[in-house]
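Got your viewer open? Load the model shown here, and we'll walk through it one selection at a time.

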Amino acid sequence: MEHFLTESQNARIVEVLSCDPQVPVSERIRIRQDARMPLAPKEVRIGMLAMNILPADLLQMNRQYGHQPSVPYVPGHEGVAVVLETGSEITDLHEGDRVLPIGVFGVWADELVVQRRSLIAVPSNSDVLQQAMLAANPATAWVLLKHQADIQPGQWVVQNAANSAVGQCTRQLAAHLNINLINIVRRPEAVASDESGHWLVDDGKEPDSLKAEVQKITRGETVVLGLDAIGGVASQALAASLSPQGRLVLYGLLSGAPSSISAHDLVFRNIQVHGFWLANWFSDPENKQKAKTVYPALIEIAAQNKLRMNVEKIYELSDIHEAIVHSAQGGKQGKVLLKGMYFDE
Ligand SMILES: NC(=O)c1ccc[n+]([C@@H]2O[C@H](COP(=O)([O-])OP(=O)(O)OC[C@H]3O[C@@H](n4cnc5c(N)ncnc54)[C@H](OP(=O)(O)O)[C@@H]3O)[C@@H](O)[C@H]2O)c1
């Protein structure tokens, strides 16, 4: 591991200098060299292997996110790393171990110093790109399915943006939990050809038509939960597809438009509408016990090869501007990822 430490002289860090969407990305974001800080007894120095670019990162760069740091800030919510060095009080992690930083903000860097309690060990022989995507979207899908409504095996759930990373995880986790799922995508090419399941292509232009399509699939059985990543009229279509007392959980704002839901569905059919943000869910003391079970469950399911997300492309950290522009485009096959300097092909 001496070997890791000598390389770090060139450790880089990404910095967001401005969140003004009128300014080109190339002028808003820079890479600079980072100085190495000494370690406190309960801290760990980690070297980033791969990092994910999330819609949350893009929202934050455009001053539209729930947590908005002041500039300059180091972006990045998830990735996977290798342990480089441990503080004097740490006995259960060792140089070379692979770890996920959880709840650590600012991971688009070659090296970080983090508290031991923010790291979860993961197998060193598993797919590193899959591990780089494990912290946010799989946990979101898991909590949405397990802890937002009392869903029993065999009941129906409907989700939009079903080809997104959250959507892919929801599909695999619903199968694992024996939940019936209807997947809505906005373009036919986004229907996963390697999977069975129930798919609808809906571009959102006629919100009233989705309900009939959903009922055809369920044959009138109860649809208890709708998972909405889009907002705007997509919320209206999803709410209308639910059975009376069904729960609509709005967890994404992909359309950027305010959710419109018919008063008829709210008043006469008692549709329950809730917003969801994983960060709030984890920090709510009421969820403390459930929260402890989320990552062990996901790491176990991933180890059984039952949880995989698609990758569109992996970029060198030095190509950050190109990577960000690419990740903001529609019609992708999967996630755009970044390579840290400790990535080992
Ligand atoms: N609340 C939370 O705690 C939480 C946690 C994680 C993620 N999220 C949210 O979940 C959503 C999905 O995240 P992700 O990382 O899984 O996304 P992703 O993998 O980057 O996929 C993006 C998806 O959005 C679709 N899309 C983009 N713009 C759209 C629009 N205007 N109308 C309809 N669909 C649109 C894309 O469809 P095409 O393939 O057709 O372009 C694709 O399915 C995001 O909104 C994200 O912020 C929320």
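How many of the eleven residues of α5 are buried? Select α5 (137-147) and look: nine of the eleven are buried, so α5 is largely enclosed by the rest of the structure. Buried here means under 20% relative accessible area, exposed means over 50%, and partly exposed is in between (1.4 Å probe, protein chains only). The buried ones are N137, P138, A139, T140, A141, W142, V143, L144 and L145. Helices (H or I, at least four residues) and strands (E, at least two) are DSSP runs, numbered from the N terminus.

Before moving on, some ground rules. This is a predicted model, where local features need pLDDT of at least 70, side-chain atom pairs count only at pLDDT 80 or more, and totals for chains, interfaces and linings use all residues. Residues are numbered from 1 along each chain as its sequence is written, and side-chain values use heavy atoms, with hydrogens and water left out.

**Colour by domain**

Give 2-133 plus 309-339 one colour for domain 1, and 140-280 another for domain 2; the bounds come from an automatic or database domain assignment. The C-alpha centres of the two domains lie 31 Å apart. Their contact (heavy atoms within 4.5 Å) takes eleven residues from domain 1 and seven from domain 2.

**Select the ligand**

Now show everything near the ligand, meaning residues with a heavy atom within 4 Å of it. You should get 22 residues, of which N163, R187, L278, G331 and K335 come nearest. Domain 1 and domain 2 both give residues to this shell, so the ligand lies between them.

Next, turn on the backbone of 164 to 166 and look for polar contacts, which are pairs of N or O atoms within 3.5 Å; within protein, one must be able to donate a hydrogen and the other to accept it, and residues adjacent in sequence count only if both atoms are side-chain atoms. A polar backbone atom of A165 is 2.8 Å from a ligand oxygen, and V166 also has a polar backbone atom 2.8 Å from an oxygen of the ligand. For S164, a backbone N or O atom lies 3.5 Å from a ligand oxygen.

On its own the ligand has 930 Å² of accessible area, and the protein covers 84% of that (Shrake-Rupley method, 1.4 Å probe; for residues, only the protein chains shown count as cover). The elements giving two or more residues to the shell are α5 and α6 (165-176).

**Jump to Q131**

Q131 sits in helix α4 (residues 128-132). Is Q131 buried or exposed? At 4% relative accessibility, Q131 counts as buried. Show its side chain: a polar atom there lies 2.8 Å from the backbone oxygen of P123. Leaving out residues up to four places away in sequence, Q131 touches G79, V80, R98, L100, V122, P123 and S126.

**Check some backbone oddities**

Start with V71 and P72, which are joined by a cis peptide bond with omega of about -5 degrees. P72 is in the loop between α3 (55-61) and β4 (79-86).

Then go to A161, in the loop between β8 (156-159) and α6. A161 is not a glycine, yet its phi is positive, about 50 degrees. At 12% relative accessibility, A161 counts as buried.

Last stop: N178, in the loop between α6 and β9 (180-185). N178 has a positive phi too, about 60 degrees, without being a glycine. At 54% relative accessibility, N178 counts as exposed.
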